[in-house]
Amino acid sequence: MSVGKDEFKELLRQKGLKVTTQRVRVLEVLANSPDIHLTAEEIYELIKVDFPEIGLATVYRTIQLLLELNLIDRINLDDGFVRYEISNHDENSKKHHHHHLICIKCGKVLSFEDDLLDELEKRIMDHVSFKVLDHEVKLYGICQDCSAKEKENKE
């Protein structure tokens, strides 16, 4: 997690916001699900197990707050849902989002950490003085499991 529980609480206090169990729990659920890319409804279902009194509206408001604080990212994996994940960059660093590999057969989403676009960003800056602050890359293909199944079916 980019920000620990105590740092998150302190950040809320610095922003003049109330520290609530629900806010901390939303952050924890996302931090404990780094490669799952959860929807708001999925986050709600996971929290509801321990906090049955929480409402979906509270989860949505908390997600909006976490987005505004740059603690989480909103991602679209072209599956009709808005998903969320812990942010892996901050305003003081140049670290980009990881990239997503999406299987067109089963819909599995894999994260890919290697950022090969640094040279392109440098060339863009050199040629047109445009500073790239971030980018999102989604690559579509067939995962290892689906490739193995296809190979099996051909034999």
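# Salt bridges and a covered helix

Modeller: Let's start with a polar contact: a side-chain polar atom of Ser33 sits 2.9 Å from the backbone oxygen of Val29. Keep in mind that this is a predicted model.

Biologist: Okay, where is Ser33 found?

Modeller: Ser33 is in the loop that runs between H2 and H3.

Biologist: And is Ser33 buried or exposed?

Modeller: Buried, because its relative accessibility is 10% and the cut-off for buried is under 20%.

Biologist: What about H2 itself, how many of its residues are buried?

Modeller: Eight of the eleven, so the helix is mostly covered. The buried ones are Val24, Arg25, Val26, Leu27, Glu28, Val29, Leu30 and Ala31. Val29, whose backbone oxygen Ser33 approaches, is in that set.

Biologist: What covers the buried residues of H2?

Modeller: The cover includes helices H1 (5-14), H3 and H4 (56-68), along with strands S1 (72-76) and S2.

Biologist: I see charged residues in that buried list. What does Arg25 form with Glu28?

Modeller: A salt bridge, with 3.6 Å between the closest N and O atoms. Both residues belong to helix H2 (residues 21-31) and are three residues apart, which is about one turn of the helix.

Biologist: Why does Arg25 count as buried?

Modeller: Because its relative accessibility is 16%, and buried means under 20%. Glu28 is buried too, at 18%.

Biologist: Which other residue has a side chain that meets Arg25 in a salt bridge?

Modeller: Asp50, at 3.5 Å from N to O. That pair ties together distant parts of the chain, with Asp50 in helix H3 (residues 40-50) and Arg25 in helix H2, 25 residues apart. Put together, Arg25, Glu28 and Asp50 make up a network of salt bridges.

Biologist: Remind me, when can side chains of opposite charge pair?

Modeller: They can do so when their charged atoms come close.

Biologist: And how many salt bridges does the count come to?

Modeller: Ten. Another one of them joins the side chains of Arg83 and Glu42, at 3.4 Å from N to O. This pair also links distant parts of the chain: Arg83 is in strand S2 (residues 82-86), Glu42 is in helix H3, and they are 41 residues apart.

Biologist: Are Arg83 and Glu42 buried or exposed?

Modeller: Arg83 is buried, with a relative accessible area of 12%. Glu42 is partly exposed, with 34%.

Biologist: Switching topic: which residues make the nonpolar surface patch?

Modeller: Ile104, Tyr140 and Ile142, and the patch has an area of about 300 Å².

Biologist: Where does Ile142 lie?

Modeller: In the loop between strand S5 (138-141) and helix H6 (144-154).

Biologist: How much of Ile142 is accessible?

Modeller: Its relative accessible area is 37%, so Ile142 counts as partly exposed. The patch rule asks for over 30%, which means Ile142 clears that part of it.

Biologist: Last one, what about Thr20, where is it found?

Modeller: Thr20 is in the loop between H1 and H2. With 19% relative accessibility it counts as buried, because the limit is under 20%.

Biologist: And what separates the C-alpha atoms of Thr20 and Gly141?

Modeller: A distance of 42 Å, with the two residues 121 residues apart along the chain.

Definitions and conventions
Residues are numbered from 1 along each chain as its sequence is written. This is a predicted model: local features need pLDDT of at least 70, side-chain atom pairs count only at pLDDT 80 or more; totals for chains, interfaces and linings use all residues. Side-chain values use heavy atoms; hydrogens and water are left out. Patches are made of residues with over 30% relative accessible area and no salt bridge: like charges are joined within 9 Å, nonpolar side chains (Val, Leu, Ile, Met, Phe, Trp, Tyr) within 5 Å. Accessible areas come from the Shrake-Rupley method with a 1.4 Å probe; for residues, only the protein chains shown count as cover. A salt bridge is a side-chain nitrogen of Lys or Arg within 4 Å of a carboxyl oxygen of Asp or Glu. Helices (H or I, at least four residues) and strands (E, at least two) are DSSP runs, numbered from the N terminus. Buried means under 20% relative accessible area, exposed over 50%, partly exposed in between (1.4 Å probe, protein chains only). A polar contact is a pair of N or O atoms within 3.5 Å; within protein, one must be able to donate a hydrogen and the other to accept it, and residues adjacent in sequence count only if both atoms are side-chain atoms. Contact means heavy atoms within 4.5 Å.
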